[in-house]
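Welcome to this tour! Open your viewer, get ready to select residues by number, and follow along stop by stop.

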Amino acid sequence: MALPSLFRNLALPAIASPMFLASGPDLVVEVCRSGLVGTFPALNQRSSAGYEAWLEEVRAGLAEAEGPQGRAPAPFGVNLIVHKSNPRLAADLELTVKHKVPLVITSLGAVRDVVEAVHSYGGLVFHDVVNVRHAEKAAQAGADGLIAVCAGAGGHAGTLSPFALVPEIACWFEGAIVLAGAMSHGRHIAAARMLGADMAYLGTRFLATRECLVQEDYKHMLVEASAADIVYTPKISGVPANFLRPSIAAAGIDLDADSHAGALDMSNEARAWKTVWSAGQGVGAIRDILPARELCARLVEEYSTAMHACATDSFAS
């Protein structure tokens, strides 16, 4: 495993994941100013022109910003859905190259042409994977990093334990490994490092921030929820994902009824996820809604405390 130099001056080895319909420029800028990697999905804007406007907004916000302890802000990234049902991929990729986005996170398909386009300007590509077969395909396509999306992650999560997936990938992959799944506390980030991951990937915890684009009822539902409120089902968007049970009930969806599953169509995603809200199993650790900068500072402190405790533990010597 090797952490690219782009990430070696972070305040915390963590990425605030690109959350569908939730991550926007304000959240990205505040996260990067705090020394963590901030990201957003290109498809959170309704058009490629809107996506470019967001890229310019993030660049402008970071150009005026100063990171922790006088350091430069952390780099930012965008998520591109590499799937045949995404009609904007070519246009959004062209804009990504034009603006030289430092980190591109690809999902739902590993395509060498996309990787090479990002590499053409020196950018990095990390790819979401839920099993070893997907990891192998991403590595063959030239991905610089693999995001192991394990059991308990929000959105389109996998089902493997991180104790299984991360070490198995680490046996042969020489790039960066990022762990996703129920990451809500600085201790979790420390645990990810102990397990062998280079970085952690946090989504659900950043939903409960002031800058997040989701509605306030969604944020308050996160604060009130526990792991028992998370349902893993393909009956919302066509493929298995984790959702908040109270939002499913509020939408009047009967999970016991027959429904089509197994086919992903990006044209249906926004409609499905707007009324049924996603979250990971780490939701039980969320007890407040904070400004993103305050949350990042808390995570940094928690991580530092956990790493120090591990280093001084008598069993570690």
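**Stop 1: a cluster of rings**

Select Phe40, Tyr51 and Trp54: ring pairs link these residues into a cluster. Rings of Phe, Tyr and Trp (its six-membered ring) count as a pair if their centres lie within 6.5 Å; planes under 30 degrees apart are stacked, those over 60 are edge-to-face and the rest are tilted.

Before going further, please note that this is a predicted model, in which local features need pLDDT of at least 70 and side-chain atom pairs count only at pLDDT 80 or more, while totals for chains, interfaces and linings use all residues. Residues are numbered from 1 along each chain as its sequence is written, and side-chain values use heavy atoms, with hydrogens and water left out.

The structure holds five aromatic pairs. One of them joins Phe40 and Tyr51, which meet edge-to-face, with 6.1 Å from centre to centre and 65° between the planes. Phe40 belongs to strand 2 (residues 37-41) and Tyr51 to helix 2 (residues 48-63), so this pair ties together parts that are 11 residues apart in sequence. Helices (H or I, at least four residues) and strands (E, at least two) are DSSP runs, numbered from the N terminus.

Are these two residues buried or exposed? Phe40 is buried, with a relative accessible area of 0%, and Tyr51 is buried at 0% as well. Here buried means under 20% relative accessible area, exposed means over 50%, and partly exposed lies in between (1.4 Å probe, protein chains only).

**Stop 2: along helix 2**

Now colour the whole of helix 2. Its 16 residues should span 22 Å at 1.5 Å a residue, and its end C-alpha atoms are 23 Å apart, which agrees. The expected span is 1.5 Å times one less than the number of residues in the helix.

Which residues of helix 2 are buried? They are Ser48, Gly50, Tyr51, Glu52, Trp54, Leu55, Val58 and Leu62. Show the surroundings too: what covers these buried residues includes helix 1 (25-33), strand 2, strand 3 (76-81) and helix 3. Contact here means heavy atoms within 4.5 Å.

**Stop 3: salt bridges**

Side chains of opposite charge can pair when their charged atoms come close. A salt bridge is a side-chain nitrogen of Lys or Arg within 4 Å of a carboxyl oxygen of Asp or Glu. How many salt bridges does a search of the whole structure find? The search finds seven.

Select Lys98 and Glu52, whose side chains meet in a salt bridge at 2.7 Å, N to O. Lys98 sits in helix 3 (residues 89-98) and Glu52 in helix 2, so this pair ties together parts that are 46 residues apart in sequence. Lys98 is exposed at 56% relative accessibility, whereas Glu52 is buried at 16%.

Next, pick Arg205 and Asp288, a salt bridge whose closest N and O atoms are 2.8 Å apart. Arg205 is in helix 8 (residues 204-207) and Asp288 is in the loop between helix 11 (266-275) and helix 12 (292-312), 83 residues apart. Arg205 is buried at 2% relative accessibility, and Asp288 is partly exposed at 23%.

Keep Asp288 selected and add Arg298: these two form a salt bridge as well, with the closest N and O atoms 2.9 Å apart. Arg298 lies in helix 12, 10 residues from Asp288, and is partly exposed at 31% relative accessibility.

**Stop 4: strand 7 and its neighbours**

Select residues 176-180, which make up strand 7. Five of the five residues are buried, so the strand is largely enclosed by the rest of the structure. Ala176, Val178 and Ala180 point one way, while Ile177 and Leu179 point the other way.

Add strand 6 (residues 145-149), which pairs with strand 7 in the parallel sense over five bridges. Two strands pair if DSSP finds at least two bridges between them. Look for Val149, whose bridge partner in strand 7 is Ala180. The chain crosses from strand 6 through helix 6 (residues 162-170) to strand 7, in a right-handed β-α-β crossover. Right-handed means that, with the strands pointing away from the viewer, the path from the first strand over the helix to the second runs clockwise.

Finish with strand 8 (residues 199-202), which pairs with strand 7 in the parallel sense over three bridges. In strand 8, Tyr201 stands opposite Ala180.
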